[in-house]
Amino acid sequence: MEALKKVKEVGLSILPVLLLVTLLHFFVTPLSEGMLSSFLIGGVLIILGLSLFLLGTDIGLIPIGERIGSAVTRKKRLSLLLITALLVGMAIIFAEPNISVLLEQVSLVAPSISPLSMLLSIALGVGLFLMIAMVRVILHVGLKWIYAISYLLLLVLGIFSKPEFLGIAFDSGGAATGPLAVPFIMALGVGIAHVQKSQTDADNFGYVSLALIGPTMAMLVLSLFSGDGNTAVQSTSSVPQIQPFLSLFAPSTQQVLSSLFPLVVLCILYQIFLVRMPVRQLIRMAFGLVYASLGLILFFVGVNGGFIPVGYQIGYQLGKLNESLLLVFGLVIGAVTVLSEPSVAVLIDQVQEITQGHLRKQIMLAALSIGVGGSGLMAMFRIIHSLPIWYFLVPVYGLAVLLSFRVPDLFVGLSFDSGSVSSGPLASTFILSFAIGASTSVGGNPVSDAFGIIIFVSMTPVVIVQLLGLLYKRKQAKLEKGGKA
């Protein structure tokens with residue numbers, strides 16, 4: 001029953017894109033022979049793969065994540081807590097499917113950027129900021145100050161970083177908060193909350209959004225210490241080719257086993273020395289890992305066999321046909337993505353519960369859809385005109401940091417987390433490959449222009465949820481005033 005529920009959730013998030021591409025094929029941009037069928041088959045594999053993966057995560061990885069968080073906090077040893085945060089943060093990035101897809105996309109347009117250096121930098125960034133996230137809860141440090149200092153530091157680093165790294169750096173943060181990292185990091189947070197003596201609702205949020213900042217900062221630092229030869233990039237991207245699905249199973253299996261290995265070893269070590277889960281739960285966890293592994297294999301086969309090549313072709317053809325169509329498609333794909341993203345539905349339920357129904361689902365969903373649709377449109381506008389990414393990120397995140405000092409504390413972490421969960425698997429697969437194709441077609445540089453689209457999907461929900469927080473604050477003030485009268 002749980003498996004069918006996962007298939008329904010994932011299917012609803014992928015189906016709109018399948019329908020949209022099918023309509024484009026028949027009425028606007030006909031694809032080459034066999035590409036549509038490969039795309040649809042790839043979509044089915046992605047739905048089945050992500051469903052199995054999320055089911056395996058729920059029954060296998062989230063329970064031990066909660067237990068690890070509780071166990072290390074109960075020990076009351078800061079050094080153990082910091083080491084755990086660092087190791088867990090790095091291990092989940094090695095296994096995160098969004099990161100694997102991002103590395104493949106980067107290698108298409110910037111083969112001189114080392115995938116290993118990227119992976120290690122992203123993993124270290126997540127680990128370090130997960131340490132900060134845990135310590136700030138223990139020491140009761142305000143999130144808004146951490147955000148203000150972190151984004152100011154990102155701005156300074158970005159000014160001195162190589163331009164071709166900027167989009168990739170920010171997309172690294174967006175991709176790092178993917179379908180594995182988000183639930184596992186949140187599970188750690190829940191585990192810590194279970195044993196905290198003084199805990200507020202606001203302390204339950206902020207883990208995911210801080211994990212987004214870490215990879216971005218790490219990549220910008222990598223840019224500062226990389227030689228010119230290491231950062232040379234191609235001005236045009238290689239064309240991703242449709243490959244037979246059967247030929248992709250062997251390399252996908254090898255990739256999945258090698259990426260999950262560090263996380264499995266880490267869980268086993270914590271089980272032996274700290275957690276000591278009962279045998280029944282261990283068997284359940286083992287089944288969960290098998291489901292997650294099978295799901296990831298199907299996911300990578302579907303992505304590489306259908307989604308990435310077709311996304312590139314659609315973007316390239318639309319750009320050649322009419323640049324205005326790129327703007328329209330960016331608007332539509334942004335709105336569709338957030339409407340169908342399962343994590344967004346969970347977020348909306350959280351906000352409605354926290355505000356005791358004062359902020360209704362329909363209002364929040366409409367606001368998020370308009371916001372992310374606008375992000376998609378801005379991303380395409382930037383690609384067409386080759387505009388610096390700072391023109392968009394500085395105003396939005398500057399406003400978000402300023403608003404964090406005005407909204408209720410509960411909405412600070414919640415708003416930044418909302419941006420992190422909005423960029424799901426679609427953003428790092430189809431939407432990014434679409435952006436690369438679009439940038440190539442209009443004569444731009446995919447490295448500096450196309451990358452950055454994942455963070456575009458992530459940025460507007462932050463401000464949208466904060467504005468909803470201000471609306472809630474105003475309503476609460478009116479109710480209190482009416483009660484006193």
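Which helices each supply at least two residues of the nonpolar patch? Load the predicted model and find out at the first stop.

**Stop 1: the nonpolar patch**

Select L152, L153, V156, I159, F160, V221, L224 and F225 and show their surface. Together they make a nonpolar surface patch of about 810 Å². Now colour helix 6 (143-160) and helix 9 (207-224): each of these supplies at least two of the patch residues. Helix 6 gives the most, with five residues.

Pick out I159 in helix 6. Is I159 buried or exposed? Its relative accessible area is 58%, so I159 is exposed; the cut-off for that class is over 50%.

**Stop 2: aromatic pairs from helix 6**

Stay on helix 6 and turn to rings. The whole structure holds 14 aromatic pairs. One of them joins W145 and F405. Put a distance between the ring centres: 4.9 Å. The planes meet at 80°, and the pair is edge-to-face. W145 lies in helix 6, while F405 sits in the loop between helix 15 and helix 16 (409-422), so this pair ties together parts 260 residues apart in sequence.

Check how open the two partners are. W145 is exposed, at 52% relative accessibility. F405 is partly exposed, at 34%.

Next, select Y147 and F416. How far apart are the centres of the rings of Y147 and F416? The centres are 3.9 Å apart and the planes lie at 20°, so the pair is stacked. This pair also links distant parts of the chain: Y147 is in helix 6, F416 is in helix 16, and 269 residues separate them.

Hide the surface to see these two. Y147 has 0% relative accessibility and counts as buried. F416, at 3%, counts as buried too. Both values fall under the 20% limit for that class.

**Stop 3: an aromatic cluster**

Select F39, F307, F329, F430 and F434. These five residues form one aromatic cluster. Show their side chains as sticks and look at the rings as a group.

**Stop 4: a buried serine**

Go to helix 7 (residues 163-176) and centre on S172. Is S172 buried or exposed? With 0% relative accessibility, S172 counts as buried.

What does the side chain of S172 reach? Draw a line from it to the backbone oxygen of I168: the distance is 2.7 Å. Then display the surroundings. Leaving aside residues up to four places away in sequence, S172 touches I99, L102, M118, I122, P215 and M219.

**Stop 5: two positive phi angles**

Finish with the backbone. Most residues other than glycine have a negative phi. Two residues on this stop have a positive one.

Start at R276, in the loop between helix 10 (245-275) and helix 11 (279-321). Its phi is near 55°, a positive value in a residue other than glycine. The relative accessibility of R276 is 57%, so R276 counts as exposed.

Move on to S386. Where is the place of S386? It is in the loop between helix 14 (361-385) and helix 15 (390-403). Phi of S386 is near 50°, again positive in a residue other than glycine. S386 is partly exposed, with a relative accessible area of 41%.

Definitions and conventions:
Residues numbered from 1 in each chain as written. Predicted model: local features only at pLDDT ≥ 70, side-chain atom pairs only at ≥ 80, totals over all residues. Heavy atoms only, no water. Helix = DSSP H or I, 4+ residues; strand = E, 2+ residues; numbered from the N terminus. Buried < 20%, exposed > 50% of the residue type's maximum accessible area, 1.4 Å probe, protein only. Polar contact = N/O pair within 3.5 Å; in protein donor to acceptor, adjacent residues only side chain to side chain. Contact = heavy atoms within 4.5 Å. Patch = residues over 30% accessible without salt bridge, like charges linked within 9 Å, V, L, I, M, F, W, Y side chains within 5 Å. Areas by Shrake-Rupley, 256 points an atom, 1.4 Å probe, with all protein chains shown as cover. Salt bridge = Lys/Arg side-chain N within 4 Å of Asp/Glu carboxyl O. Phe/Tyr/Trp six-rings, centres within 6.5 Å; stacked < 30°, edge-to-face > 60°.
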